[in-house]
Amino acid sequence: SDFWTKNVNYLKLRNLEIGYTVPQRFLSKAGISKLRVYSLMQNLFSIDNLDGVQIDPELSGGSGVQYPTNRVINIGISLSF
């Protein structure tokens, strides 16, 4: 019987890193040799067919409570003189 089976097709953006290096012509007057601004994002979004259930579709279906994965966003600056 397929009564208990569920379609769990999903699309998940797990890791995304975006960065920008400022061109040297803007930095030379300030005495900076390199400036990079970046952001690293984890578990940004997930699209699935789970009808409002807030669990990660990658988790194994065992007994017990399943919590959603944490969304993490890091922002940083890399600066060289």
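**Group meeting talk: a three-stranded sheet and one helix**

Hi everyone, let me start with contacts: of those in the chain between residues with a separation of 6 or more, 69% come from residues 24 or more positions apart. Please keep in mind that this is a predicted model.

So what does the chain contain? You will find one helix and three strands, and reading along the sequence gives the pattern β-α-β-β.

Let's look at the sheet. How are its three strands ordered? The order is β1-β2-β3, in an open sheet with antiparallel pairing. At the edges sit β1, residues 10–21, and β3, residues 72–80, and each of these pairs on one side only. From one strand to the next, the twist averages 10°.

If you zoom in on β1 and β2, you can count eleven bridges joining this antiparallel pair. To pick out one position on your screen, go to Glu-17: its bridge partner in β2 is Leu-40.

While we are in β2, which covers residues 34–48, I'd like to stop at Asn-43, which is found in this strand. What is the phi of Asn-43? The angle is near 55°, a positive value in a residue other than glycine. And is Asn-43 buried or exposed? Asn-43 counts as buried, because its relative accessibility is 18% and the cut-off for buried is under 20%.

That brings me to burial across the chain. Of the 81 residues, 15% are buried. The chain exposes about 6700 Å², and 55% of that area is supplied by carbon and sulfur atoms.

Now for the surface. Which residues make the nonpolar surface patch? They are Val-37, Ile-77, Leu-79 and Phe-81, and the patch comes to about 450 Å². On the strand ranges, Val-37 falls within β2, residues 34–48, while Ile-77 and Leu-79 fall within β3, residues 72–80. Phe-81 lies in the segment after β3. Why does Phe-81 count as exposed? Its relative accessibility is 73%, and exposed means over 50%, so Phe-81 qualifies.

If you'd like two residues to compare on the model afterwards, I'd suggest these: Asn-43 is buried at 18% relative accessibility, whereas Phe-81 is exposed at 73%.

To wrap up, we have an open sheet in the order β1-β2-β3, one helix alongside the strands in the chain's list of elements, and a nonpolar surface patch that includes Phe-81. Thanks for listening, and I'm happy to take questions!

Notes: Residues are numbered from 1 along each chain as its sequence is written. This is a predicted model: local features need pLDDT of at least 70, side-chain atom pairs count only at pLDDT 80 or more; totals for chains, interfaces and linings use all residues. Side-chain values use heavy atoms; hydrogens and water are left out. Helices (H or I, at least four residues) and strands (E, at least two) are DSSP runs, numbered from the N terminus. Buried means under 20% relative accessible area, exposed over 50%, partly exposed in between (1.4 Å probe, protein chains only). Two strands pair if DSSP finds at least two bridges between them. Axes are lines fitted to C-alpha atoms, for helices over the stretch in contact, and angles run from 0 to 180 degrees between N-to-C directions. Contact means heavy atoms within 4.5 Å. Accessible areas come from the Shrake-Rupley method with a 1.4 Å probe; for residues, only the protein chains shown count as cover. Patches are made of residues with over 30% relative accessible area and no salt bridge: like charges are joined within 9 Å, nonpolar side chains (Val, Leu, Ile, Met, Phe, Trp, Tyr) within 5 Å. A salt bridge is a side-chain nitrogen of Lys or Arg within 4 Å of a carboxyl oxygen of Asp or Glu.
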